[in-house]
Every structure is written in structure tokens, then in C-alpha cells.
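Trainee: I would be grateful for a close look at a single part of this protein. Please take one residue and follow its surroundings outward in one connected account.

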Amino acid sequence: MTHDDHGFSTRAIHVGQEFDPTTGAVIPPVHFSTTYAQDGIGNLRGGYEYGRGGNPTRDSLQRQLSSLEGATHAFSFASGLAAEDALLRAVLRPGDHVLMGNDVYGGTHRLVRRIFGDWQIGLTTIELDDREAVRAALTSTGARVLWLETPSNPLMKITDVAALADVAHAAGALVVVDNTFATPYLQQPLALGADVVVHSTTKYLGGHSDVIGGAVVLSDDALAEKVGFHQFAAGAVSGPLDAWLTTRGIKTLAVRMDRHSASAHALASALEGHAAVTRVYYPGLPSHPGHDLAARQMRDFGGMLSLELAGGAAAARAFAEGLEVFSLAESLGGVESLVNYPSEMTHASVRGTALEVSDAVIRLSVGLEDVEDLLADVRQSLARLG
Ligand SMILES: *Cc1c(COP(=O)(O)O)cnc(C)c1O
């Protein structure tokens, strides 16, 4: 049975999850085998030959991801950055240029600047809400790739994917959207006109902070063939257990994102106007400059928010360290709430660049605990700032 006409959650639960034909096991097994018996030389049973080239558990995840993003191809990798690396190598040649938003994930910036920079790839970062500036930069740099991340990290800027896809396509650039923060449940970049979606599945898709992974999702057959070749020939594939855990996480994505969004919204509302907080960055707040756009482009506003403390760096550090339910840790998107101090943690790699984050900013990944406990935790830590 195909599930093409089914809703998001039905597809999340069923695509790529056909029960095992030999045992009837409802949950497909994890295929650990690295190699597959051949019925005569080159005569393969299910098309599988060697685990780097293909693995049934990885295929399940890839079919699930491709369905959820409304795509025809998905490739799963050992990490989000491995996915980005494979995509960029499939697309770029020495002398090419990448144009990206000025608050993309720090690791993406580092990958392009420091790894691809050595292979003569140019990089320009830009403020994406100025469409004319993007148009001008695409022309002046001749950029091959426009890299978008919305909501962005950590300031939750919202980028108009459809509008920038038009601008980029007119300039002959490929549009890549890092959909890690929104997930395909909240935002469908390919339907908005993007060419490629990348994910760190480590975050909301896996959803339980227990598996690192990444994906490239797209519908262009020719580019998919190149990405698939890089997955196979460079070999940064996801392992079978990692793929299986990610698939399991994705089955509950929709219910998790609804709750993450509701709780983050409640926290953002409670924090806005607090005397110790100068600014709350959450697209669900009407005061957020990207609110109307996010309401059009996304199903809901997601589980991430940032705040700027009135007392600057000292207050930000004290607030982060004073939280008790939120754990001080890198990463995001798990069932447990996390607090991050971007300038010293996730964004340490972009210090001194245009992507540097204010040392008064704290980022929260709002988990699935009782929202009353999360609200009380944030309030007690703010109260202790004096
Ligand atoms: C974490 C993250 C990445 C990198 O993914 P890894 O799985 O850590 O390699 C890329 N983009 C965004 C938005 C992220 O949050």
C-alpha cells in the first residue's frame, strides 16, 4: 500500500515500515548485516550488496524522510554536517560561491569557510530579510548556492523561503533550506520553492537526544544521483541502529512538535515583559518581526526561543546556570529541556565573524516536561538575578 494520500502522522508511522514478510514482525528489524548473499554472481535478492551502498533499515528512514518532506529522494548520513558536506561536494566546484544567512548554524558556516574554503569555495554571509541585497549579492558573487535556515539559530529570524527561492532561481542559484528547527511537520521548504532540504536529524527528528544523524532531501533526479553517489563513494552513511532510532523518533514527531510549540509559546509569553529580560526571540510572539511570515509559512512556531538578559553576560550566565529543570547542554530538540549559552557553546566557532552572537543571549530548547514546571524554573532563575 502506498501512503501518498495520507496525512503527515500516518505517513510518519507507516511509510517505509511494512511488516517483516517472513515473521510478521510489525516493527521492521534492524538490519546489521554488512553484506548480502548473492544467488549467483551479481544476482542480488533485494538489490542489496554491501552495507555502505545500501541497507534496508537506512532505506526505511530515507523513504520516511522523503515522504514527510514531500520529496522523491532522501539520503541519510552519519551527522547533519556529513549530510551538508555530501550535498555541497555534489553541487560545488572550485571557484564556486555560497551565499548564506548571517545567523546560520555555526557549524555550517565553519564547514563552508574552513573546509570548503581550502578548496577555493567562496563564502558570503548576508542579512536575508533584505531581498534586494540578496539579489545584488547573488549577482555580484555569482553564487551557486543560497543557503537558508528558518527559523534561524539562535535569533529565530524568519526567512521568506518562497520569495528568496524566486530571487535565487532567477540568478541561477540552488536554494538549500536547513529545516532542522522547523522539521517537515511545521514547514515544507520544497513546497515553498526550495530545491533541497537538509536536516540534522540529531535534533527534533530523532527527538530523544540519543542519536546523531543528518539527511539531504530533494526531488531533482539528477542532483539526487550525485548526492547518492557521494553517500556511497565518500561513505558518511548512517549506521543501521542510528537509522532505526531516528525512524522510531520520527513516528511521534507531530505530537512532539505540537507540545514543544505550545510550551515554548507559553514560556515566550511569560518571559516577554519580565524586568530582567530585554528581548524575547520567538516567532510566535506578535512582537517578533517575522511573526506574520512565520504564521503563513509554518504550521506552528516551534520549540526554540532565545532571550536577551538585561544584566548582560553576567546575568545570562547566572540565569543559564541557575535553571534546574533545564539542563545546561549543547544541542536541542529532545524531550528534555535544554539551555544553551550560544556565545560560549554552540556559536563559539563563529566568534569574531559576522555570525557572532551577543553574550547576553540565552537559547532555550523547550522540552516535553510539564509546562508549569518549566515556567516555574525560568521564573526562579530570573528571580535569583536580583
Ligand atoms: C545541529 C545542527 C546542524 C549540524 O548537525 P549535526 O547532526 O550536529 O552534525 C546543522 N544545522 C542545524 C540547524 C543544527 O541545529
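Mentor: Beyond its neighbours within four places in sequence, T108 is in contact with L81, E84, M100, W147 and D178. These contacts are read from a predicted model. T108 itself belongs to helix α4, which spans residues 106-115. Its relative accessible area is 0%, and because buried means under 20%, T108 counts as buried. One of the listed partners also engages T108 through a polar contact: the side chains of T108 and E84 meet at 2.9 Å.

Two other partners of T108, L81 and D178, lead on to the ligand. At L81, a polar backbone atom stands 2.9 Å from an oxygen atom of the ligand. At D178, an N or O atom of the side chain is 2.6 Å from a nitrogen atom of the ligand. A further polar approach involves T202, whose polar side-chain atom lies 2.7 Å from a ligand oxygen atom. The ligand taken alone exposes 380 Å², of which the protein buries 92%.

The shell around the ligand can then be described as a whole. It consists of 14 residues, and the closest are G80, D178, S200, T202 and K203. By character, the shell divides into six polar, four nonpolar and four charged residues. Helix α3, residues 80-91, provides the largest share of this shell, with three residues.

The wider setting is a division of the protein into domain 1, covering 8-250, and domain 2, covering 253-383. The contact between them takes 41 residues from domain 1 and 41 residues from domain 2. Their C-alpha centres are separated by 26 Å.

For a contrast with T108, consider A262. This residue is placed in helix α10, which runs through residues 253-271. The relative accessible area of A262 is 46%; since the class between buried and exposed runs from 20% to 50%, A262 is partly exposed. A262 also illustrates how positions remote in sequence can be related in space: V371 is 109 residues away along the chain, yet the C-alpha to C-alpha distance between A262 and V371 is 8.8 Å.

To return to the starting point, T108 is a buried residue whose contacts include L81 and D178. L81 presents a polar backbone atom to a ligand oxygen atom, while D178 presents a side-chain N or O atom to a ligand nitrogen atom.

Methods:
Residues numbered from 1 in each chain as written. Predicted model: local features only at pLDDT ≥ 70, side-chain atom pairs only at ≥ 80, totals over all residues. Heavy atoms only, no water. Helix = DSSP H or I, 4+ residues; strand = E, 2+ residues; numbered from the N terminus. Buried < 20%, exposed > 50% of the residue type's maximum accessible area, 1.4 Å probe, protein only. Near = heavy atom within 4 Å. Polar contact = N/O pair within 3.5 Å; in protein donor to acceptor, adjacent residues only side chain to side chain. Areas by Shrake-Rupley, 256 points an atom, 1.4 Å probe, with all protein chains shown as cover. Nonpolar A, V, L, I, M, F, W, Y, C, P; charged D, E, K, R; others polar. Domains from an automatic or database assignment. Contact = heavy atoms within 4.5 Å.
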